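Student: I'd like to learn how to read a fold from its coordinates. Could you walk me through one?

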Amino acid sequence: MGTIIVGGVIEKDGKFLLVQEAQEKCRGKWNIPAGHLDCNETIFEGAKREVFEECGCKVELSGILQIGNKVKKDTSWISVVFSTILLEDNIVFDKDEILDVKWFSYEEILNMKEELRDYAWITDAITALVNNRTSDISTIKII
């Protein structure tokens, strides 16, 4: 069975919001706010929910930064990472899920190879935003 991951890159004043994971398999690693799509929700609803649950920010989704696919021994996953417009910057999080939430510059993130949960996945999404390589969100159709 596969998994769908949805999330968003949040930028404010030239910095990007990352969350520090609390779950055991990736404890202490930094990530973009993202998580599993729930049953009976669209990828748009899921991405906004995951961002809110992980950092307390309300966002509007503005574009597609990356669609990823990873195949592992017993499973596969697909991820959709959106660019966002920050609507409400009220940092709160569940300390059982997230250890910390911080703003980082692009240069800091590029130098966090060991600290990021998945370096290429995270930096590719943020680099797409920095380089204005966002795909039109209307490409995704809810059917």
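Tutor: Happily! Let's start with pairing: two strands pair if DSSP finds at least two bridges between them. Keep in mind that this is a predicted model.

Student: Which strands form a hairpin, and how many residues lie between them?

Tutor: The hairpin is made by β6 and β7, with four residues between them. In general, strands of a sheet pair through backbone hydrogen bonds, either parallel or antiparallel. Here β6 (58-71) and β7 (76-88) run antiparallel, joined by twelve bridges. One bridge to look at is that of Lys58, whose partner in β7 is Glu88.

Student: And how do β1 and β7 run, parallel or antiparallel?

Tutor: β1 and β7 run parallel, with eight bridges joining them. You can find Ile4 opposite Ile78 of β7, and Val9 opposite Ser83 of β7.

Student: What is the strand order of the open sheet?

Tutor: The order of this four-stranded open sheet is β5-β1-β7-β6, and the pairing is mixed. β5 and β6 are the edge strands, each pairing on one side only. On average, neighbouring strands are turned by 20° against each other, direction ignored.

Student: Which helix packs on that sheet?

Tutor: That is α3, which touches β1, β5, β6 and β7; its direction makes about 135° with that of β6.

Student: How should I read a helix such as α1?

Tutor: The general idea first: an α-helix has 3.6 residues a turn, so residues three or four places apart point the same way. In this model, α1 covers residues 43-55 and has 13 residues. From its first C-alpha to its last it reaches 18 Å, close to the 18 Å expected at 1.5 Å a residue.

Student: Which residues of α1 are buried, and what covers them?

Tutor: The buried residues of α1 include Ile43, Phe44, Ala47, Glu50, Val51 and Glu54. Arg49 is also buried. Their cover includes β1, β3, β5, β6, β7 and β8. After α1 comes Gly56, which has a positive phi near 80°.

Student: How do I read a nonpolar core, and which members touch the most others in the largest one?

Tutor: Think of buried nonpolar residues joined through side-chain atoms within 4.5 Å. The largest such core has 20 residues, and those touching the most other members are Val9, Leu18, Ile32, Ile109, Trp121 and Ile126. The elements giving two or more residues are β1, β3, β7, α2 and α3, and α3 gives the most, with five.

Student: What does Ile32 contact, beyond its neighbours within four places in sequence?

Tutor: Ile32 is in contact with residues including Val9, Leu18, Val81, Trp121 and Ile126. There is also a second, separate core of 19 residues, with Ala47, Cys57, Ile64 and Val101 among them.

Student: Where is Arg27, and why is it called partly exposed?

Tutor: Arg27 is in the loop between β3 and β4. The class between buried and exposed runs from 20% to 50% relative accessible area; Arg27 has 47%, so it counts as partly exposed. Leaving out residues up to four places away in sequence, Arg27 touches Glu21, Ala22 and Leu99. As a distance to try in your viewer, the C-alpha atoms of Arg27 and Ile137 are separated by 32 Å, and these residues are 110 apart along the chain.

Notes
Residues are numbered from 1 along each chain as its sequence is written. This is a predicted model: local features need pLDDT of at least 70, side-chain atom pairs count only at pLDDT 80 or more; totals for chains, interfaces and linings use all residues. Side-chain values use heavy atoms; hydrogens and water are left out. Buried means under 20% relative accessible area, exposed over 50%, partly exposed in between (1.4 Å probe, protein chains only). Contact means heavy atoms within 4.5 Å. The expected span of a helix is 1.5 Å times one less than its number of residues. Axes are lines fitted to C-alpha atoms, for helices over the stretch in contact, and angles run from 0 to 180 degrees between N-to-C directions.
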